[in-house]
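Biologist: Please take a close look at the side-chain links that hold separate stretches of this chain together, and say for each partner how far it is open to the surroundings.

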Amino acid sequence: MEASMVAAPVGGTTSMRGLAAACLVGSTSWQVGAASMMKAWAYAEGGQEKADPEVQHQTWEMLAPLCGHGQSQSPIDIVSSTALERDSLPHLSFNIAEGVDFSKNLSKGSFEALGKGFTMFGKEQYRFDSIQWHTPSENTIDGQHADLEAQFVHQLADPALLDTFHRLAIVALLYRLGDCNDELGHLWQDFPADQAGSGDAFAAVFNVTLVLSSAVSDGYYHWDGSLTTPPCTEGVEWYLLKRQTTICQDQLDQLQTFLASVHGVRFNNRVTQPLYHRTVAQTPGSATTEPPSSPPLPTGIMGLRGPGNIGGGDELGTHTEGRNLDVVVAAAVPIALVCFCTAILVAYYIKRRSTWALSNRAVAQPVAKMGNATPVEMRVNSQRELEQGIEFAAEGNPVPGREGTTV
């Protein structure tokens with residue numbers, strides 16, 4: 001985010017005077033208090049193809065020492081695996097008019113909103129100020145730039161903060177190459193190829209509320225940071241939305257052509273800064289969501305498709321492989337648990353059967369061996385002895401144990 005002065009709402013009595021700096025590479029003039037100084041700072045030398053950290057360090061630190069020595073500078077690289085989930089992060093609710101009046105500020109490559117709308121960060125109301133674009137993205141995720149980053153700048157709705165850089169909040173949205181973006185098409189149709197018309201006010205059909213409300217449903221990353229151009233003021237709250245959207249090459253060329261025609265290079269991003277003592281938080285239960293590819297590209301096992309990233313085939317394959325592995329692991333765990341439980345039940349059943357068999361055998365063998373006769377033979381012998389006893393008694397012989405008794 002460039003160091004643009006936060007504007008007063010339309011109809012307000014506060015006049016705009018103060019710091020202004022270019023979002024685009026090249027020379028710019030800016031003011032510090034009442035003293036106006038001409039200073040040069042740059043993203044890179046003319047003709048270079050990407051941002052140069054040495055050029056930025058040398059030219060920015062001379063202009064604003066905080067740019068070189070600050071401990072909470074932006075942009076940053078977000079390592080998604082180390083971002084801490086926090087339930088205490090505020091809910092973002094956008095209430096920005098669809099037809100916003102903008103003022104073109106071509107020296108900064110931005111459209112400044114003229115006081116139509118606000119965003120609720122939890123219970124605090126922040127006034128919507130401006131939209132600024134950077135290509136490639138200034139903030140990165142796991143070391144990867146997006147093709148474009150839109151920064152929606154807000155300031156706490158307190159009249160005492162006007163003309164200051166205090167209590168700023170930036171909601172950032174990333175774009176990757178893909179289908180043309182209808183919302184940008186509506187807004188950028190008035191974006192000129194040169195500096196003619198700078199400062200002219202115009203009404204734009206750009207539904208900021210729809211764009212941001214849809215993207216924020218997948219959560220966001222949050223950290224304490226700074227402005228991304230001199231004077232690099234710290235204390236800025238950053239909210240980087242996880243869901244990304246698309247921009248087509250023609251639209252990206254439109255912005256890059258403007259950058260090249262005005263400042264000689266096709267990019268305007270500050271290099272990422274050290275995190276130092278800071279931690280990056282994220283809303284719980286959410287994951288980075290990139291725009292779908294067009295057309296769909298089924299890859300990997302189980303027909304899963306990775307997130308879209310036209311022009312980034314290696315990244316597409318990496319994400320797809322990771323998501324497929326997650327599905328396999330998630331399916332294998334319950335299957336393994338069922339197999340384990342089944343094996344325990346089968347082993348228990350076999351053991352019980354063996355115990356019953358040994359018990360029956362131990363009882364049957366002594367009975368079967370009595371008199372060296374089988375159970376059938378014992379029953380036959382008993383029947384014969386009974387018959388012989390009856391015959392013996394019938395002949396008048398005394399029954400053993402009952403002498404004197406005859407039948």
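Modeller: A residue is called buried when its relative accessible area is under 20%, exposed when that area is over 50%, and partly exposed in between. The model is a predicted one, and the values that follow are computed from it.

I begin with the charged pairs, of which there are three that qualify as salt bridges. In one of them, Arg167 is paired with Glu124, and the closest N and O atoms lie 3.2 Å apart. Because Arg167 sits in the loop between strand E11 (148-156) and strand E12 (168-177), while Glu124 belongs to strand E9 (residues 124-134), this contact ties together parts that are 43 residues apart in sequence. With a relative accessibility of 36%, Glu124 is partly exposed, because that value falls between the limits of 20% and 50%. Arg167, also at 36% relative accessibility, is likewise partly exposed.

Another salt bridge brings the side chains of Arg243 and Asp218 together, with an N to O distance of 3.0 Å. Arg243 is placed in the loop between strand E15 (234-241) and strand E16 (245-247), and Asp218 in the loop between helix H4 (208-216) and strand E14 (220-226), so that parts 25 residues apart in sequence are tied together. Here the two partners fall into separate classes: Asp218, at 18% relative accessibility, counts as buried, whereas Arg243, with a relative accessible area of 25%, is partly exposed.

The remaining charged pair is Arg266 with Asp253, whose closest N and O atoms are 3.6 Å apart. Arg266 lies in the loop between helix H5 (249-263) and strand E17 (281-282), and Asp253 within helix H5, so that the pair links parts of the chain 13 residues apart. Arg266 is partly exposed at 38% relative accessibility, and Asp253 is partly exposed as well, with a relative accessible area of 25%.

Helix H4, which precedes the loop that carries Asp218, has as its buried residues Val208, Thr209, Val211, Leu212, Ala215 and Val216. Viewed down the axis of H4, these buried residues fall within an arc of 165°, and therefore they line one face of the helix. The background to such a pattern is that an α-helix has 3.6 residues a turn, so residues three or four places apart point the same way.

The sulfur links come next, and there are two disulfides. One of them joins Cys67 to Cys232 at an S to S distance of 2.0 Å, and with 95° about the S-S bond this link is right-handed. It connects distant parts of the chain, for Cys67 is in helix H2 (residues 66-69) and Cys232 is in the loop between E14 and E15, 165 residues apart. Both Cys67 and Cys232 are buried.

The other disulfide joins Cys180 to Cys248, with the sulfur atoms 2.1 Å apart, and it too is right-handed, with 90° about the S-S bond. Cys180 lies in the loop between E12 and helix H3 (182-188), and Cys248 in the loop between E16 and H5, so that the link spans distant parts of the chain, 68 residues apart. In this pair Cys180 is partly exposed, with a relative accessible area of 47%, whereas Cys248 is buried at 6%. When the bonded cysteines of the protein chain are numbered in sequence order, the pairing reads 1-3, 2-4.

Conventions:
Residues are numbered from 1 along each chain as its sequence is written. This is a predicted model: local features need pLDDT of at least 70, side-chain atom pairs count only at pLDDT 80 or more; totals for chains, interfaces and linings use all residues. Side-chain values use heavy atoms; hydrogens and water are left out. A salt bridge is a side-chain nitrogen of Lys or Arg within 4 Å of a carboxyl oxygen of Asp or Glu. Helices (H or I, at least four residues) and strands (E, at least two) are DSSP runs, numbered from the N terminus. Buried means under 20% relative accessible area, exposed over 50%, partly exposed in between (1.4 Å probe, protein chains only). The arc is that of the directions from the helix axis to the C-beta atoms. A disulfide is a pair of cysteine sulfur atoms within 2.5 Å.
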